[in-house]
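Here is a set of questions and answers for the bench. The chain is shown first.

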Amino acid sequence: PPKPSAPTLPTGEEICEKAIESVGGDLMGKVEGEVCDKLCARAALAAEGLGGGAEDVLADAVAVAIGKFCPDACSKFYDEVIADHVTDAIDYLADDICADIKEHF
């Protein structure tokens with residue numbers, strides 16, 4: 001019977017790409033939450049300011065609705081629309097960075 005061959009080890013460039021992609025994906029998940037939180041909080045404040053003043057019932061209602069529903073809607077939009085583009089961008093970035101620095105490993 002043939003002897004099992006040794007596993008093929010990844011190249012330095014493959015290790016580099018996987019490292020950047022894994023960290024980039026983790027960071028983008030954190031960024032999404034932070035961006036949505038800040039966007040929604042600031043939009044709620046802006047709604048107050050864009051209304052007729054402190055006693056504007058409609059502006060108050062809009063601000064409350066933004067505060068309550070915006071975070072989930074923003075996260076859903078990120079997951080359905082932006083996440084794939086971010087993943088593609090991270091992959092491209094990893095390929096580019098690692099191709100540029102591969103002569104150093």
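Q: How many disulfides does a search of the whole structure find?
A: A disulfide here is a pair of cysteine sulfur atoms within 2.5 Å. The model is predicted, so local features need pLDDT of at least 70 and side-chain atom pairs count only at pLDDT 80 or more, while totals for chains, interfaces and linings use all residues. Residues are numbered from 1 along each chain as its sequence is written, and side-chain values use heavy atoms, with hydrogens and water left out. Searching the whole structure gives a number of disulfides equal to three.

Q: Which helices hold Cys16 and Cys98?
A: Cys16 and Cys98 form a disulfide with their sulfur atoms 2.0 Å apart. This pair links distant parts of the chain, 82 residues apart. Helices (H or I, at least four residues) and strands (E, at least two) are DSSP runs, numbered from the N terminus. Cys16 is in helix H1, and Cys98 is in helix H2 (residues 57–101).

Q: Is Cys98 buried or exposed?
A: Buried means under 20% relative accessible area, exposed over 50%, and partly exposed in between (1.4 Å probe, protein chains only). Its partner Cys16 has a relative accessible area of 12% and is therefore buried. Because its relative accessibility is 0%, Cys98 counts as buried.

Q: What is the handedness of the link of Cys36 and Cys74?
A: The sulfur atoms of Cys36 and Cys74 are 2.0 Å apart, and the two residues form a disulfide. Both Cys36 and Cys74 are buried. The angle about their S-S bond is -75°, and the link is left-handed.

Q: How many residues apart along the chain are Cys40 and Cys70?
A: Cys40 and Cys70 form a disulfide with -70° about the S-S bond, a left-handed link. The pair joins distant parts of the chain, with Cys40 in helix H1 and Cys70 in helix H2, and the separation is 30 residues.

Q: What pattern do the disulfides of the protein follow?
A: A disulfide is a covalent bond between the sulfur atoms of two cysteines. Bonded cysteines are counted along the chain, and the pattern is then 1-6, 2-5, 3-4.

Q: What does H1 reach from its first C-alpha to its last?
A: The expected span of a helix is 1.5 Å times one less than its number of residues. H1 has 39 residues, and 57 Å is expected for it. The reach of H1 is close to that value, at 54 Å.

Q: Against which helix do the buried residues of H1 pack?
A: Buried residues in H1 include Gly24, Glu32, Ala44 and Ala47. Contact means heavy atoms within 4.5 Å. The buried residues of H1 pack against H2.

Q: Which side chain does a polar contact of 2.8 Å join to Glu32?
A: Glu32 lies in helix H1 (residues 12–50). Glu32 is buried yet has no salt bridge (a side-chain nitrogen of Lys or Arg within 4 Å of a carboxyl oxygen of Asp or Glu). A polar contact is a pair of N or O atoms within 3.5 Å; within protein, one must be able to donate a hydrogen and the other to accept it, and residues adjacent in sequence count only if both atoms are side-chain atoms. At 2.8 Å, the side chain joined to that of Glu32 belongs to Ser75.

Key
Lys, Arg positive; Asp, Glu negative; His and termini not counted.
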